[in-house]
Amino acid sequence: MTQRGRRRQRRRGSLGSKVAIVAGVILALIVIAVIGVTTWVLNVAADAPSLSSCRHAEKHGNSVIYAANGARLGAIVSPEASAPVKGAEIPRQLELATVAIEDQRFFEHGGLSFSGLMRGRLNAILGC
């Protein structure tokens, strides 16, 4: 190899140095992502109320029923109206109706929607 060819080879660098640089950049991006996620989780945990400050829900009270336009239709005064029930006691049609209202794609993603989580977090950040 001529002297000129050796200089050109030195300037270009070897394949090993290029791989090391790419691996270093990828490792740095992973470290930055881990630090970012950890900071976000700690920030959310710091804003959360302590478990000792949570109180139990009352098992009685009035249930108010509203129409679609917001008008009050009436109230149900009964301790059974807001009493917890077991999952087996809930009719299947009610379960499906609730899922359809809350999350139409529930059965596709199995209860964990990453797009829903990101949308909720974005709404919390923007104050929507």
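Relative accessible area, computed with a 1.4 Å probe on protein chains only, sorts residues into buried (under 20%), exposed (over 50%) and partly exposed (in between). This is a predicted model, in which local features need pLDDT of at least 70 and side-chain atom pairs count only at pLDDT 80 or more, while totals for chains, interfaces and linings use all residues. Residues are numbered from 1 along each chain as its sequence is written, and side-chain values use heavy atoms, with hydrogens and water left out.

**Figure 1. Overview of the protein chain, with five helices and two strands.** Helices (H or I, at least four residues) and strands (E, at least two) are DSSP runs numbered from the N terminus. Along the sequence, these elements follow the order α-α-β-β-α-α-α. Of the 128 residues in the chain, 2% are buried. The accessible surface, obtained by the Shrake-Rupley method with a 1.4 Å probe (for residues, only the protein chains shown count as cover), comes to about 11500 Å², and carbon and sulfur atoms hold 63% of that area. With contact taken as heavy atoms within 4.5 Å, residues 24 or more positions apart supply 9% of the chain's contacts with a separation of 6 or more.

**Figure 2. Confidence along the chain, lowest in helix H1 and highest in helix H2.** The predictor's confidence in each residue is given as pLDDT, from 0 to 100. The average over the protein chain is 80, and 80% of the residues score at least 70. Helix H1 (residues 3–12) has a mean of 67, whereas H2 reaches 92. Where pLDDT is low, the predicted coordinates should not be read in detail.

**Figure 3. Close-up of Gly74 in strand S2 (residues 72–77).** Gly74 is partly exposed, at a relative accessible area of 24%. Its contacts, leaving aside residues up to four places away in sequence, are Ser63, Val64 and Ile65. Between Gly74 and Val64 the C-alpha to C-alpha distance is 6.0 Å, although the two are 10 residues apart in sequence.

**Figure 4. Close-up of the nonpolar surface patch that includes Ile32.** Patches are made of residues with over 30% relative accessible area and no salt bridge, joining like charges within 9 Å and nonpolar side chains (Val, Leu, Ile, Met, Phe, Trp, Tyr) within 5 Å. Ile21, Val25, Leu29 and Ile32 form this patch of about 420 Å². Ile32 belongs to helix H2 (residues 15–47) and is exposed, with 57% relative accessible area.

**Figure 5. Close-up of the salt bridge between Glu95 and Arg92.** A salt bridge requires a side-chain nitrogen of Lys or Arg within 4 Å of a carboxyl oxygen of Asp or Glu, and the structure holds one. The N to O distance here is 3.1 Å. Because Glu95 and Arg92 are three residues apart in helix H3 (residues 92–102), about one helical turn separates them. Glu95 is partly exposed, at 30%.

**Figure 6. Close-up of Phe107 in helix H4 (residues 106–109).** Phe107 is exposed, with a relative accessibility of 56%. Residues up to four places away in sequence aside, Phe107 touches Leu96 and Val99.

**Figure 7. Close-up of helix H5 (residues 114–126) and Gly127 after it.** The 13 residues of H5 span 18 Å from first to last C-alpha, close to the expected 18 Å, which is 1.5 Å times one less than the number of residues. Gly127, which follows H5, has a positive phi near 80°.
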